[in-house]
Amino acid sequence: MSLINPNFPRSAAGLRRESVSVISLQKQGRRFGLRRAATIQLPEGVLQPDFFEENIVEPSQVLSAMREAATSAGLNGQKKWSVSLPADTARMTILTLETAPKSKAERADVLNWKAERAFGEKPAEMRLAFQPLTPDEKGRTRFFAMSIRLDVLAEYEDLFDTLGWKTGLMLPRHISEANWLMLPKSTGDAMMVSLQADGFTAVLLRASQPAVVRSVICEPEEREDELYRLLLFYRDRFETETSGASLQKLLLIGADFPKERLSEIAQETLGYDLQILGSNEVGLSLPAEIRFEDIAAPAGLASLAWR
């Protein structure tokens with residue numbers, strides 16, 4: 001699921017509105033560890049992630065932060081990277097085809113038409129990626145679709161070209177984070193909830209494939225109610241559709257919501273204990289000074305080098 005042709009280096013960078021991070025992973029038995037890592041905060045307003053508008057307002061300041069991060073981490077000589085793009089830069093959705101296309105050309109036309117309706121932009125103006133999914137309960141063909149506008153993508157490509165980076169894999173932040181749950185032999189349902197200043201994004205995975213992507217805009221004090229509604233939606237929509245389906249684990253990214261309270265909300269809505277995961281539970285060992293929310297996305301991409 002890449003926006004450009006992928007390769008899988010062990011080093012990755014992550015861009016967010018408030019910071020840039022670079023990491024290099026190493027394997028420690030069955031777990032991952034950070035070989036090198038650094039996060040540099042960005043001044044407010046220099047990076048404004050948006051699907052339609054200009055993203056990199058002050059290229060020189062973003063470049064300076066990325067160079068500083070790479071130097072601090074001892075990765076300034078690294079040329080091959082995977083990159084996690086800011087959350088609001090790209091869009092994602094699940095596309096369902098009502099009838100099976102008769103040819104590859106017809107399928108491409110239908111997907112482009114549906115993508116235009118879903119993303120609000122002409123296909124010629126976007127870089128589109130479609131990942132086939134298992135059919136739904138009615139046997140209909142489904143695709144996980146990702147999109148970024150070509151002019152926005154060009155901003156980031158210009159940035160990486162200036163740094164001399166070869167970026168083989170670029171993914172939106174939340175799919176990069178959800179990679180921690182996309183294990184090849186995973187069964188059952190899992191959910192990733194990534195907190196941000198203006199709400200959170202949730203990705204529901206069924207047998208390691210995206211089933212729902214939902215972004216919720218809310219104030220921090222409203223998150224509890226919105227998470228309650230999210231789990232009620234899962235219970236009413238998914239536990240009744242498929243006999244025996246249940247949410248087995250939830251990966252929480254972001255330190256400003258207590259895991260204990262999320263566990264209580266899960267018990268109240270689902271009626272059973274839900275395993276709440278953090279970095280340690282997904283197999284990533286972090287030093288105390290490194291925050292999981294800063295490096296979860298690039299580390300998720302770097303982990304693909306071993307899969």
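**Sheet and cores of a predicted model**

Me: In what order do the strands of the open three-stranded sheet stand?
Reply: In this predicted model, the open sheet is built of three strands with antiparallel pairing. Strand E5 (91-97) and strand E6 (126-133) each have a single partner strand, so both stand at the edges and one side of each is left without a neighbour in the sheet. From one strand to the next, the twist averages 25 degrees. The order is E5-E7-E6.

Me: Which residue in E7 is the bridge partner of Ile94?
Reply: E5 pairs with strand E7 (residues 141-149) in the antiparallel sense, over seven bridges. For Ile94, the bridge partner in E7 is Phe144.

Me: Which strands does helix H3 touch where it packs on the sheet?
Reply: Helix H2 (residues 104-119) packs on the sheet and touches E5, E6 and E7, its direction making about 130 degrees with that of E5. Helix H3 (residues 150-163) also packs on the sheet, and its direction makes about 65 degrees with that of E7. The strands touched by H3 are E6 and E7.

Me: Which helix gives the most to the largest nonpolar core?
Reply: The largest nonpolar core has 33 residues, of which Leu25, Trp180, Leu251, Leu284 and Phe292 touch the most other members. Leu25 has contacts that include Phe32, Leu34, Leu284, Ala299, Ala302 and Trp306. With six residues, the helix that gives the most to this core is H7 (residues 292-302).

Me: How many residues are in the second, separate core?
Reply: This core includes Ala13, Met66, Leu75 and Leu85. Its number of residues is 30.

Definitions and conventions: Residues numbered from 1 in each chain as written. Predicted model: local features only at pLDDT ≥ 70, side-chain atom pairs only at ≥ 80, totals over all residues. Heavy atoms only, no water. Pairing = 2+ DSSP bridges. Helix = DSSP H or I, 4+ residues; strand = E, 2+ residues; numbered from the N terminus. Axes fitted to C-alpha atoms, helices over the stretch in contact; angles between N-to-C directions. Contact = heavy atoms within 4.5 Å. Core = buried A, V, L, I, M, F, W, Y, C linked by side-chain atoms within 4.5 Å. Buried < 20%, exposed > 50% of the residue type's maximum accessible area, 1.4 Å probe, protein only. Lists of a residue's contacts leave out its neighbours within four places in sequence.
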